[in-house]
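Take a walk through this structure, with the sequence beside you. We will look at a few cysteines and then at one sheet.

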Amino acid sequence: MSEQQWTLATTEQPPEWFIQAVKQYTPTSGALFAAQLLWQRGIREKPQLAAFVNTKTYQPASPFEFGQEMHLAVERLQQARDAGEKVAIWGDFDADGITSTAVLWDGLGQFFTQNTQLIYYIPNRLTESHGLNCQGIEKLAKQGFQLIVTCDTGSTNISEIIYADQLGIDVIVTDHHTLPPERPPVTAIINPRYLPETHQLFHLSGVAVAYKLVEAFYQMPNIPQQPLQDLLDLVAVGLIADLVQLSGDCRYLAQLGIGRLQEDFKKPPGERRRPGVGRLLELCQKSGDRPTDISFGLGPRINAVSRIQGDASFCVELLTSRDQKRVKELAEVTELANTRRKSLQKDVAYQVAQKLSKMDLSTTSVIVLEDPQWAVGVLGLVAGQVAQETGRPTILLSTEGVGAGEESSQSPIPNPQSLARGSARSVNSVDLYQLVKDQAHLLHRFGGHPYAAGLSLPVENIPLFTEAINQKLRQSLGGATLTPTVQADLAVTVADLGKELFLELKLLEPCGMGNPVPKLLIENCWFENAWHRNQQDSQGKKVQYIKAEFDIRDDSTRSPFPGVWWGHYKDELPLGRCDCIAELDYNTFKKRYEIRLIAVRSRQQSAINNQQAALILDWRNPLLEKDSGLSTQDLALVIKDCPTSWDDLRVWLRRSLHNQQPLALAWSKPAPKSPEQIWLTLVGIAKYLSRTNQTVTRVQLLEKLGISDQALLLGLRGLKYMGFKISRQDRMLVFTQHSIIEPMAEAAVEKFLAAVREEQFQQQYFADVPLSTIEAMAQASA
């Protein structure tokens, strides 16, 4: 993986009048942090601030801002209602598409009889593409449907729309994805991308566009019984889950929707308007009052159904039905799908990491990887992770040959079974959709937007596609390099963390693209009481998905503060002083404030990144001081004598870090322990771990003993003959001692000793100690 670059947003002190204006909206005595963030993000006038914070002062846009297209859509729906025509809602299988379908189902359901006049159709993620398809259209025609209303899809389905017209079906498209070069031949198309980028409706997601259609239709005579505002909770779920920019009407609708969500959740289960949503919130231990309850709770669960099962149609029923028994069953199925998704995602992420380790990222602009075993449903999630970690657009493809591709754009090819299908995610403001589109001649189908795309292509085209898309991005970069970047918004101390800061920063919610969750830089801190465990599903079964918990401390206070690091083991936390970037959160289940760790690095690594690199000095060189013009003591803390034990080295490392000096290792040559001493050390470790019930990783043992993997394997075999039982728990080794020593013990120990002697002989005469080993030891001991 590429080394992450950390940046801290430029902090400009806002004027005192602005701080006082922000203070009027905060429930705490402090307002400086919130004022700094708002000022950084362009909120610099009192009217702006008022509209940003208070929905009552924001003036939303009329749905007829979409112009003639909205009028055409409403007229066609009115015609269908008056004539008693059958109408089909054609949705999509992600959270935005599911909530869009639910909004139209509930909204249009006030005008058309559900399940007879009005139905909905959600494509299967694993067997169908996004968007319209001819088979489904033909089926609807045979059932007598005369109008299709799409949501969150359809803008580029030109050939399918023409086919529908030939069968006598009109199409109204509501969507927010990339537009085709020319207006499609539809009855109406409502897509905010036709509006100027500065328009307050431009960033609407699919669910918000669907809501605007219902809002316009509600202005017709004979207003329905269900209040329009009852749809806003669904709008908030889709908006936040789809990661659109939360500005203009997007922010306004999300604010109102979260309020409705929280209001409904506070009611007893039997009185809730949306009992399915309430049950999902209970299962993910959320209360519905935070945007993160959607982005980390509801959204991933709704998305998980199609990723794991393919067919997510029942999710619309989960979101809209009042049948408590039924929605409880559906919520349980959804929760189980999400836990399976976590496990599957972790497996694919591990396999992707293995492939990445064999790549030269310095010569790679766009990462394109393929595998016949990868599950298509989680490729987008893993691609997003890789893009963030590497700073490079990432495309992951499954070559298992299950059929057609992702979003529509190109005509079918003769043999769909030879297709690779996958997902792409971008980073660093690279327009991935345009990159993919430029290679359309190599693809079967594709679609999406600048930060995310889906695609399918013939397997034999993958090498050519990979080379072409890399060449295209290299040309557009003009020699610039792509680096994974994490930006912190504010520098704080552990003493700043807690309820006061949380309530102050809550002023910025709901957060999303364009207004991200505040990322806090905490410097010169350390971790204590770290532990990790696998997650469990609702049936109590372990899921291969890890969460580490810890306490964070620094010199600002004697009190530790709790935190969590999703998807990581406790051993990945640096020892000693470090810097970290985190988000402040409130854990509804544990009723506590905590940080969610985003990135962490040791103070030593921070110094290296700041070009204060650790020096490796040769103490035997008498010209050192003469050549450098500096004394070695000025340059660094120097170890004059070779350490004879791990603990000796730890003392020197800690002293260097405490003095915040670059580290210099300067012994003349290694003085390794004898093989017999290494064996006794290994036995001592095994006894200690067995007695204390602690665990250890293979890497920790290798670093402690200074031997190779092969020698360690022989050593562990020797321990087994000596009466130790060694088992694996996740990535950890667990030692248990009993009294039975087997006859082969002596021979097994001798094999280990012989292997260590051979390694030490080769190291002494054929190789120097590699610098990477020294750096790894230093980092592990920091």
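The paragraphs below begin with the cysteines and end with the helices that lie across a sheet.

This is a predicted model. Start with disulfides. A search of the whole structure finds 0 of them. Take C580 as a case. C580 is in no disulfide. Its nearest cysteine sulfur belongs to C525 and is 4.1 Å away. A disulfide needs two cysteine sulfur atoms within 2.5 Å, so this pair does not count as one.

Where do these cysteines sit, buried or exposed? C580 has a relative accessible area of 0%. The cut-off for buried is under 20%, so C580 is buried. C151 also has a relative accessible area of 0%, so C151 is buried too.

Now turn to the sheet. Three strands make up an open sheet, in the order 21-23-22. Their pairing is antiparallel. Strands in a sheet are held in pairs through backbone hydrogen bonds. Which strands form the edges? They are strand 21 (695-696) and strand 22 (724-729), and each pairs on one side only.

Look at strand 22 and strand 23 (residues 732-737). The two run antiparallel, and 6 bridges join them. Within this pairing, I726 stands opposite F735 in strand 23.

Helices lie across these strands. Helix 23 (residues 675-692) lies across strand 21, strand 22 and strand 23. Helix 23 runs at about 85° to strand 23. Helix 25 (residues 709-721) lies across strand 22 and strand 23. Its direction is at about 125° to strand 22.

Methods
Residues are numbered from 1 along each chain as its sequence is written. This is a predicted model: local features need pLDDT of at least 70, side-chain atom pairs count only at pLDDT 80 or more; totals for chains, interfaces and linings use all residues. Side-chain values use heavy atoms; hydrogens and water are left out. Buried means under 20% relative accessible area, exposed over 50%, partly exposed in between (1.4 Å probe, protein chains only). Two strands pair if DSSP finds at least two bridges between them. Helices (H or I, at least four residues) and strands (E, at least two) are DSSP runs, numbered from the N terminus. Contact means heavy atoms within 4.5 Å. Axes are lines fitted to C-alpha atoms, for helices over the stretch in contact, and angles run from 0 to 180 degrees between N-to-C directions.
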